[in-house]
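Here are some short exercises with worked solutions. Try each task before you read on.

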Amino acid sequence: MFGISFSELLLVGLVALLVLGPERLPGAARTAGLWIGRLKRSFNAIKNEVEREIGADDIRRQLHNEHILSMEQEARRILNPQSVQPDPTTTPGSEPAPAEHSVVIAAEPAPAPAAPTAPPSTEPTQPPRAP
């Protein structure tokens with residue numbers, strides 16, 4: 001992970017032995033191991049929580065997209081009932097289930113006809129007079 005070779009580990013162990021002494025070195029190694037274990041568990045717990053949240057966000061986004069698609073299909077069915085295929089969940093002759101949300105889409109007004117333009121004048125135009 002960090003690229004520490006065996007010779008570097010041996011050097012760190014030798015320095016720790018000289019600094020701490022042979023009596024305190026085993027206790028210090030045990031304490032360091034406990035702290036490293038706690039850090040690893042904490043990082044793994046945080047990583048799992050983030051992955052779980054990301055998964056929940058993906059599911060939430062997918063449900064939202066499915067809801068929008070169903071609303072769009074309902075709007076198409078309301079605006080143009082002949083072109084939409086019948087709902088396979090209803091049997092022929094039965095009433096479709098009432099929709100939870102109704103969508104109202106306003107039609108855009110037709111553009112106003114262009115005003116007739118006058119044919120170009122063949123009379124010469126006079127320049128404006130200076131005051």
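**Exercise 1. Find the helical position of a charged pair.**
Task: State where E49 and R52 lie, and how far apart they are in residues.

Solution. Both E49 and R52 belong to helix α1, which covers residues 6-79. They sit three residues apart, or about one turn of the helix. Keep in mind that this is a predicted model.

Now look at their side chains. They meet in a salt bridge, at 2.6 Å from N to O. A salt bridge needs a side-chain nitrogen of Lys or Arg within 4 Å of a carboxyl oxygen of Asp or Glu. The pair E49 and R52 gives 2.6 Å.

Finish with exposure. R52 has a relative accessible area of 53%, so it is exposed. E49 has 37% relative accessibility and therefore counts as partly exposed.

**Exercise 2. Work through further salt bridges.**
Task: How many salt bridges does the structure hold? Describe the one between R60 and D57, then the one between D58 and R61.

Solution. Start with the total. The structure holds four salt bridges.

Take R60 and D57. Their closest N and O atoms are 2.8 Å apart. The two residues are three apart in helix α1, so about one helical turn separates them. R60 is exposed, at 51% relative accessible area. D57 is partly exposed, at 33%.

Take D58 and R61. Their side chains meet in a salt bridge at 3.0 Å, N to O. These two are also three residues apart in helix α1, so about one helical turn lies between them. D58 is partly exposed, with a relative accessible area of 40%.

**Exercise 3. Classify residues by exposure.**
Task: Is I46 buried or exposed? Which residues of α1 are buried?

Solution. Use the cut-offs: buried is under 20% relative accessible area, and exposed is over 50%. I46 lies in helix α1. Its relative accessible area is 52%, so I46 is exposed.

I46 also helps to make a nonpolar surface patch with L39, F43, V50 and I54. The patch measures about 500 Å².

Now the buried residues. In α1 these are G21, G37, E74 and A75. Across the protein chain, 3% of the 131 residues count as buried. The accessible surface of the chain comes to about 12700 Å². Carbon and sulfur atoms account for 64% of that surface.

**Exercise 4. Test whether the helix is straight.**
Task: What distance separates the end C-alpha atoms of α1, and what would a straight helix reach?

Solution. First, count the elements. The protein chain has one helix and zero strands.

Second, compare the spans. α1 has 74 residues. At 1.5 Å a residue, a straight helix would reach 110 Å. The end C-alpha atoms of α1 are only 75 Å apart, which falls short.

Third, look for a bend. A kink of about 110° lies at G21 in α1. The proline P22 comes shortly after this kink. G21 is also one of the buried residues of α1.

Methods
Residues numbered from 1 in each chain as written. Predicted model: local features only at pLDDT ≥ 70, side-chain atom pairs only at ≥ 80, totals over all residues. Heavy atoms only, no water. Helix = DSSP H or I, 4+ residues; strand = E, 2+ residues; numbered from the N terminus. Buried < 20%, exposed > 50% of the residue type's maximum accessible area, 1.4 Å probe, protein only. Patch = residues over 30% accessible without salt bridge, like charges linked within 9 Å, V, L, I, M, F, W, Y side chains within 5 Å. Areas by Shrake-Rupley, 256 points an atom, 1.4 Å probe, with all protein chains shown as cover. Expected span 1.5 Å × (residues − 1). Bend = angle between axes of the 7 residues up to and from the residue.
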